[in-house]
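Biologist: Please take me through this model and justify each term that you apply to it.

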Amino acid sequence: MREPTYFVLASLLDGPLHGYAIIQRTGELSGGRVRLATGTLYTALDRLTAEGYVELVREEIVNGRARRSYGLTPPGASALRAEATRMADAARLVTDGGRDLKAGRSARKASPA
Amino acid sequence: MSPLERRCHWLLHAYPAWYRRNRADEMLGTLLEASPPGSRWPSFRDVRALVIGGLRVRGWVWWLSILWVVLGAAITGYTFFVTTKPFTNADFWIPLWNTEPKVVSIAAYLSVAASVLLTIPVLVAGFVRLRVSEPRGWLRAAAWAGAWVAGLALMRQAGIWSEYPATRCGNAMGCIVPQDSGPAIVSWGELAICAAWLALGAVMTQILAGPAHGWDAPDTSSRPSRKASL
């Protein structure tokens, strides 16, 4: 899962959002790192809808224009959780297990080849 | 309609018509909300994302077909351009194609190679993409075949017309004898063929104008939705 996709799904955790709200929320959640362009957002939404991770939940007319809100589906939520667990595990290798890793390397170096 | 709105609306034509019908309105709203207040032009990032997104929705068969057509137009346009120049003894093999700058003539040769190589794979990919089994699929497939026959005829005609200066050298392969040179003879026919290539591109875009296989994502209208007016 690529970073923008991850943040798009994460932005929907608190409930359905419309296009521009997703752009704003992903920006906030990523500390300004993920700045989605409109075209990129809808490409991602098309793909996530096709995969069944996201669904259309509401359609309103705002200023005479269609505004659709998208929500996370149960498969989308579990895919997001799986990705978060995978990244947390990967991060733990460095943060928690850093000492063990270093110890392991020096132990290997010390042992005769 | 503000200038920004008009430009964004125009920009959304990067997407095919069937996609715009469902999405353009919503995307336009998001584009306008995401643009800084008072801006008259969409940002470079937005333009780039929309063009890439549009190409993605149109699919690689459309992309390669248009590349084929554009190469055909570029080759004939270039042939027309070189016939407006005086004829020199450097012009042999494909007559007149050794004009300066060298980079352009090398690009022209590569374009010829690429357009010939693209012909069969893209023709076949188009048939796969048009799904003959569907209702009206046969009609679209027939139109597709017709478009390619027209393209091949244009290729052949351009080949015949671009050879004509060679006849002045009395040598079918072009001017190998160095003393041959002469004034330009403009080949207006090549310009007509160039225009025909561009028209063919428009026809091909029309034939491919339906959604590609597996596209159901933007079809949000069929889903249950709660409409509310604000």
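**Confidence and terms**

Modeller: Chain B averages a pLDDT of 76, with 73% of the residues scoring at least 70; pLDDT is the predictor's confidence in each residue, from 0 to 100. This is a predicted model, in which local features need pLDDT of at least 70 and side-chain atom pairs count only at pLDDT 80 or more, while totals for chains, interfaces and linings use all residues. Residues are numbered from 1 along each chain as its sequence is written, and chains are lettered from A and ligands numbered from 1 in the order in which they are written.

Biologist: Where in chain B is confidence lowest, and where is it highest?

Modeller: The lowest mean, 38, belongs to strand β1 (residues 227-229) of chain B, and the highest, 91, to α3(B). Over residues 216-230 of chain B the pLDDT is below 50, although this stretch has 25 contacts in the model beyond near neighbours in sequence. Where pLDDT is low, the predicted coordinates should not be read in detail. For the complex, the predictor gives an ipTM of 0.78 and a pTM of 0.71.

Biologist: How many helices and strands does chain A have, and how many does chain B have?

Modeller: Chain A has 5 helices and 3 strands, running α-β-α-α-β-β-α-α from the N terminus. Chain B has 8 helices and 1 strand, in the pattern α-α-α-α-α-α-α-α-β. Helices (H or I, at least four residues) and strands (E, at least two) are DSSP runs, numbered from the N terminus.

Biologist: Why does Arg40(B) count as exposed?

Modeller: A residue is exposed if 12 or fewer other C-beta atoms lie within 10 Å of its own, buried if 20 or more do, and partly exposed in between, with C-beta atoms placed from the backbone. Arg40(B) has 10 such neighbours, and therefore counts as exposed. Arg40(B) lies in the loop between α2 (17-34) and α3 (44-58) of chain B. Not counting residues up to four places away in sequence, Arg40(B) touches Pro3(B) and Leu4(B); contact requires C-beta atoms, placed from the backbone, within 7 Å.

Biologist: What makes Asn63(A) exposed?

Modeller: Asn63(A) has 9 other C-beta atoms within 10 Å, so the residue is exposed. Asn63(A) occupies the loop between β2 (54-62) and β3 (65-72) of chain A, and its phi is near 55°, a positive value in a residue other than glycine.

Biologist: Why are α1(A) and α2(A) called roughly perpendicular?

Modeller: The axes of α1 (residues 3-11) and α2 (residues 19-29) of chain A come within 9 Å and cross at roughly 110°. That angle makes the pair roughly perpendicular, because 65 to 115 degrees earns this name, under 35 counts as roughly parallel, over 145 as roughly antiparallel and the rest as oblique. Axes are lines fitted to C-alpha atoms, for helices over the stretch in contact, and angles run from 0 to 180 degrees between N-to-C directions. Phe7(A), Val8(A), Ala10(A) and Ser11(A) in α1(A) meet Ile22(A), Arg25(A), Thr26(A) and Leu29(A) in α2(A).

Biologist: Where does α2(B) bend, and what covers its buried residues?

Modeller: α2(B) bends by about 60° at Arg23(B), the bend being the angle between axes fitted to the seven residues ending there and the seven starting there. Arg23(B) is also among the buried residues of α2(B), which include Tyr19(B) and Leu31(B). Their cover includes α2, α3 (38-51) and β3 of chain A together with α1 (3-11) and α3 of chain B.

Conventions:
Contact = placed C-beta atoms within 7 Å.
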